[in-house]
Amino acid sequence: MTGIAPPPGAMPSDLAEELRDFHRRWATIRPPLRPDAGVAATVAALLDAVGARDDARPTLLLGVTPELAAVPRHLVAVDWSRAMVDAAWPGSAPQRHVVIGDWKRMPLAEASVAAAIGDGIVSMLSLPMEQPLLFAQLRRVIRPGGRIVLRCFATPDPCERVATVRDAAFAGGLDFHAFKQRFNMAISVADGLPNISSAHLFARFEALFPDRMALAQASGWSLATIAEFDAYRGSRYVHCYPSRDAVLALVPGWAQAPHFVETSGYPLAERCPLLVIDLP
Ligand SMILES: C[S@@+](CC[C@H](N)C(=O)[O-])C[C@H]1O[C@@H](n2cnc3c(N)ncnc32)[C@H](O)[C@@H]1O
């Protein structure tokens, strides 16, 4: 399966499709790493507040997150990975279609969408140069007065120590996907790597938890669940987890009243607020 090739002048996140690992990890990821129906309902309400439901223009979905694709609005999704479209997109319908393309070079006309929504989008781009390209594209394709709603993965400031996360894993009773998010954030801060590769996370995981059987017994996670970390092995895919303040610092000056709306009802929701931005 091939996707669009990295163009000349490619940026750090512009890996060829075969070098990306998200589609290999996707089937196993759960909240907080993806949204649930409650988050989708909050997103829908935030869109309604700016009249997106009555707008003839579609709402732009960044990526193909199925929970957000189920938001009952006219949607156009943009994702650069055919493998992800094949794996996750619930299928096109009269009110819902998907376009293969890069968010940094959005294949949409000026003011052609009413709003934009997405999950974990800021974390999929490299700090600090790629997020401004996304926001510039959103400014271009969203109509004046439209809205952007993006669930973020925001590292607490100060962040807990790696040893705290390790101890929490060994204490048992911790949701594995919440652990993964805490681990990724703590390693990023401890190692001073705002953009952190999957390969680096895998190496740190292996060093910290050399005995998977012992980890399985103490944590209550099955060996198969722990093996989800293996998808990170050797991958150059880069993640980032800016704090809330660092996310707000990426928001361009034209944005009206940028703020966070909390989400709830799943592990680590307190680190996953919705960034809401209105266009002038
Ligand atoms: C929306 S994000 C995060 C997903 C979310 N946490 C979930 O699982 O639903 C994942 C998607 O972003 C897509 N993606 C990442 N960077 C992209 C870019 N620059 N342009 C278009 N799609 C991109 C990936 O192909 C993947 O399908």
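**Ligand site and domain interface**

The ligand is surrounded by 19 residues (a residue counts as near if one of its heavy atoms lies within 4 Å), the closest being Leu 33, Thr 65, Asp 79, Asp 102 and Asp 119. The model is predicted, so that local features require pLDDT of at least 70 and side-chain atom pairs count only at pLDDT 80 or more, whereas totals for chains, interfaces and linings use all residues. Residues are numbered from 1 along each chain as its sequence is written, and side-chain values use heavy atoms, with hydrogens and water left out.

The shell around the ligand comprises 11 nonpolar, three polar and five charged residues; here Ala, Val, Leu, Ile, Met, Phe, Trp, Tyr, Cys and Pro count as nonpolar, Asp, Glu, Lys and Arg as charged, and the others, Gly among them, as polar. An N or O atom in the side chain of Asp 79 lies 2.5 Å from an oxygen atom of the ligand. For Asp 119, a side-chain N or O atom is 2.9 Å from a nitrogen atom of the ligand. At Trp 80, a backbone N or O atom is 3.2 Å from a ligand nitrogen atom. The protein buries 98% of the 590 Å² that the ligand exposes when taken alone (Shrake-Rupley method, 1.4 Å probe).

An automatic or database assignment divides the protein into domain 1 (17-154 + 242-278) and domain 2 (162-237), with C-alpha centres 26 Å apart. Contact (heavy atoms within 4.5 Å) involves 20 residues of domain 1 and 16 residues of domain 2. The two domains bury about 1,600 Å² between them, 60% of it on carbon and sulfur atoms; this is the accessible area (1.4 Å probe) lost on putting the parts together, summed over both. The side of domain 1 that touches domain 2 has 13 nonpolar, two polar and five charged residues.

Technical notes. Polar contact = N/O pair within 3.5 Å; in protein donor to acceptor, adjacent residues only side chain to side chain.
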